[in-house]
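Trainee: I should like to work through this chain with you, from its overall fold to its individual residues. May we have the sequence and the structure before us?

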Amino acid sequence: MDYYAQISINPEVRFGRPCIAGTRISVADVLGWLGSGQTIPEILEDFPKLTQAQIQACLLYAADRERHLRIAG
């Protein structure tokens, strides 16, 4: 899946945090919900305009950032 079309970064939306395109829902919001135990169906119930593909795009975006993270030492 290509997450690039699903995630946008706009300095005028949520202080430039990565968000699901066309929304103010940040990648960090989605990751936090999943991390606290909320399931994808529960998130979709709370936010019916979201899609499973958008939630998966958040996970792929986070994984990609993690792959590129370097700690100077």
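The discussion below proceeds from the whole chain to its core, its cysteines and one loop.

Mentor: This is a predicted model, in which local features need pLDDT of at least 70 and side-chain atom pairs count only at pLDDT 80 or more, while totals for chains, interfaces and linings use all residues. Residues are numbered from 1 along each chain as its sequence is written, and side-chain values use heavy atoms, with hydrogens and water left out.

Trainee: In what order do the elements of the chain run from the N terminus?

Mentor: Helices (H or I, at least four residues) and strands (E, at least two) are DSSP runs, numbered from the N terminus. The secondary structure comes to three helices and two strands. From the N terminus on, the order is β-β-α-α-α.

Trainee: What percentage of the residues in the chain is buried?

Mentor: Buried means under 20% relative accessible area, exposed over 50%, and partly exposed in between, with a 1.4 Å probe and protein chains only. The chain has 73 residues, and the buried share is 23%.

Trainee: Which helix gives the most residues to the largest nonpolar core?

Mentor: A nonpolar core is a set of buried Ala, Val, Leu, Ile, Met, Phe, Trp, Tyr and Cys residues joined through side-chain atoms within 4.5 Å. The largest one has twelve residues, among them Ile7, Ile20, Val27, Ile55 and Cys58. Both α1 (27-35) and α3 (52-68) supply at least two residues each. The helix that gives the most, with four residues, is α3.

Trainee: Which elements are included in what covers the buried residues of α3?

Mentor: The buried residues of α3 are Gln54, Ile55, Ala57, Cys58, Tyr61 and Asp64. The cover over these residues includes β1 (7-8), β2 (19-20), α1 and α2 (40-46).

Trainee: Which residues does Val27 touch, not counting those up to four places away in sequence?

Mentor: Val27 lies in helix α1 and counts as buried, at 5% relative accessibility. Its C-alpha atom is separated by 8.4 Å from that of Ile55, 28 residues apart along the chain. On the definition of contact as heavy atoms within 4.5 Å, Val27 touches Ile7, Pro18, Cys19, Cys58 and Tyr61.

Trainee: Why is Cys58 not bonded to Cys19?

Mentor: A disulfide is a pair of cysteine sulfur atoms within 2.5 Å, and by this rule the count comes to zero. Cys19 is buried, with a relative accessible area of 2%, and Cys58 is buried as well, at 0%. The two are not bonded because the sulfur of Cys58 is too far from that of Cys19, its closest cysteine sulfur, at 8.9 Å.

Trainee: Where is Phe15 found, and is this residue buried or exposed?

Mentor: Most residues other than glycine have a negative phi. Phe15, although not a glycine, has a positive phi of about 60 degrees. Its place is in the loop between β1 and β2, and with a relative accessible area of 82% Phe15 is exposed.

Trainee: What is the phi of Arg14?

Mentor: Arg14 is found in the loop between β1 and β2. This residue is not a glycine, yet its phi is positive, at about 50 degrees.
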